[in-house]
Amino acid sequence: MGIVAGLDSSSAFTRIVVCDTDTGAVLRQGYAPHPLEPKATEVDPQAWLLSLGEAATGGLLEGVQAIGVSAQQHGLIPLDRQGNLVRAALTGNDKRAQVAAADLVDGLGSREAWAQAVGCVPQAAQAVSKLRWLARHEPEAAKRTAGVLQAHDWLVWQLLGRPARRTTDRGAASGTGYWSAATGFYRPDLVELALGHQVALPEVLGPSDAAGTTPEGLLISAGTGETMAAAFGLGVGAGDAVVSLGASGSVMAVHHEALADPSGMITSFADATGMHLPVVHTSNAVRALRGTAEMLGVEDLAELGELALKSTPGASGLVLLPYLEGERTPRLPHAAGTLAGLRRESMKPEHLARAAFEGMLCSLGDALDVLRGRGVEVRRVFLLGAAAELPAVQAVAPALFGTQVVVPQPAEYAALGAARQAAWALGVSQGTLAAHTPPAWQGASAQVFEPGEDLAVGQAVRQQYIATRDEIHPGAFGQGA
């Protein structure tokens, strides 16, 4: 038996899990908040190290042989020729680069050109857009920038003592906007398009590679972004999709190849195992439930869910298109939400509550269908987020998605994924694991829900939603989702 650790440096805190290499059983855990303002858009990366040190106190890492690092994605850490910070790191939730992202789309010619080049269309969060913002708004800082890293790259580099070699992994690289998951190569021309000159980019390691070993003999694995680490920690594989229920929503699935999507609805990430993670985002998910709860004057989502279950499938004919903040999938940035099917008998609180849950899940079903339409197999759906625990979601989701739904118990899946990666790299270095075979850790504990006899009714509700969507927004999905 060996011992490994996984650390997840999110936007707000550091979590560390210490695990048994053979089973993945969690032996110890640590936690510390980042000493930052909530939702900070500019960060001194030293804050991440301070948080890491605090989380690891009390002998937490005693006996650990290898560490994996997961971290928040899409940030940008510009370095000068000596490896010093040019300015504070720009985090993923900094939206100032929206105009810069649009400029880059125009600069390459079209959204389709970007999708073909790197599997995604520039968004404000991505490093390539932040480079363009830097060039436009802080030209002196841009000129001094000689190298760029993301959060997990920087943490790995620090743990190794800032060696000459800087590394990343294919998962994190696939979110930059200048590395292609399809080809496995950087596009330096896109860096130059954004920043105006070339910079040093970190070496992209394979899933089971080690980034290096500390002077104390501690092996550091490649690390990865939070999304990829969480998928690895959950243990998802081919045939699995993960639906995340936050204020906005996302659907990602494990697939054998990168998907270039001319519409830009699919972002083609690489995962932490050598496979791919195509992702489709929606602008609205739980925010539609919260808005409905406020309108009905109910206290919380649990009460809204109880109200919804007093209605029947189809919400007495009510259909809610939950495009409250515009929408990314379908691409309707200026749309508003629509409540259709109002009749005297449907104008009851329980029907509106039901329509909110069905509308949210049908919208995510649209996102699932985008992936299915590109040949992605979906045999089961993992539901993540606090709203996944609501009985109303669990009752409605299987029939609307048309597949088995798995609701994992809450756990630190990104940190667990980082630890599993560390165990993999350690096993390869010791000759006990193959480079293409990750450790077979026990999967997440979960509740499983089947569509069962409700499948036909659920699919009828989906068709009612699709008909309403296509009537209000004809052609939003071309020929339909």
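E303 is placed in helix 11 (residues 301-308), where helices (H or I, at least four residues) and strands (E, at least two) are DSSP runs numbered from the N terminus. The model is predicted, with local features requiring pLDDT of at least 70 and side-chain atom pairs counting only at pLDDT 80 or more, while totals for chains, interfaces and linings use all residues. Residues are numbered from 1 along each chain as its sequence is written, and side-chain values use heavy atoms, with hydrogens and water left out.

E303 has a relative accessibility of 33% and is therefore classed as partly exposed; buried denotes under 20% relative accessible area, exposed over 50%, and partly exposed the range in between (1.4 Å probe, protein chains only). Together with E299, D300 and E306, E303 makes up a surface patch of negative charge. Patches consist of residues with over 30% relative accessible area and no salt bridge, like charges being joined within 9 Å and nonpolar side chains (Val, Leu, Ile, Met, Phe, Trp, Tyr) within 5 Å. Asp and Glu count as negative and Lys and Arg as positive, without His or the chain ends; the place of a charge is taken as CG of Asp, CD of Glu, NZ of Lys or CZ of Arg.

A nonpolar surface patch is formed by L339, L342 and M347, with about 290 Å² of accessible area together. Accessible areas were computed by the Shrake-Rupley method with a 1.4 Å probe, and for residues only the protein chains shown count as cover. Of this patch, L339 belongs to strand 21 (residues 338-340) and is partly exposed, at a relative accessible area of 34%.

Salt bridges, defined by a side-chain nitrogen of Lys or Arg within 4 Å of a carboxyl oxygen of Asp or Glu, number 17. In one of them, the side chains of E138 and R87 meet with an N to O distance of 2.6 Å. This contact joins distant parts of the chain, 51 residues apart: E138 is in the loop between helix 4 (127-137) and helix 5 (139-144), and R87 in the loop between strand 6 (77-79) and strand 7 (89-90). E138 is partly exposed at 24% relative accessibility, whereas R87 is buried at 13%.

R170 and D271 also form a salt bridge, with the closest N and O atoms 3.5 Å apart. These partners are 101 residues apart and again link distant parts of the chain, R170 being in helix 7 (residues 170-173) and D271 in the loop between strand 18 (266-270) and strand 19 (276-282). R170 is buried, with a relative accessibility of 12%, and D271 is buried at 6%.

In the salt bridge between R379 and E377, the closest N and O atoms are 3.0 Å apart; E377 is partly exposed at 44% relative accessibility. A network of salt bridges links D366, D369, R372, R462, R469 and D470.

K95 is in the loop between strand 7 and helix 2 (98-108) and is partly exposed, with a relative accessible area of 49%. The C-alpha atoms of K95 and R344 are 43 Å apart, at a sequence separation of 249 residues.

An unreviewed UniProt entry annotates residues 4-226 as "domain: Carbohydrate kinase FGGY N-terminal". UniProt positions follow the numbering used here, feature names are shortened, and annotations may be inferred rather than shown by experiment. The span 4-226 is 30% helix and 26% strand, with its end C-alpha atoms 18 Å apart. Residues 241-426 carry the UniProt feature "domain: Carbohydrate kinase FGGY C-terminal" (unreviewed entry). Over residues 241-426, helix accounts for 37% and strand for 20%, and the end C-alpha atoms lie 28 Å apart.
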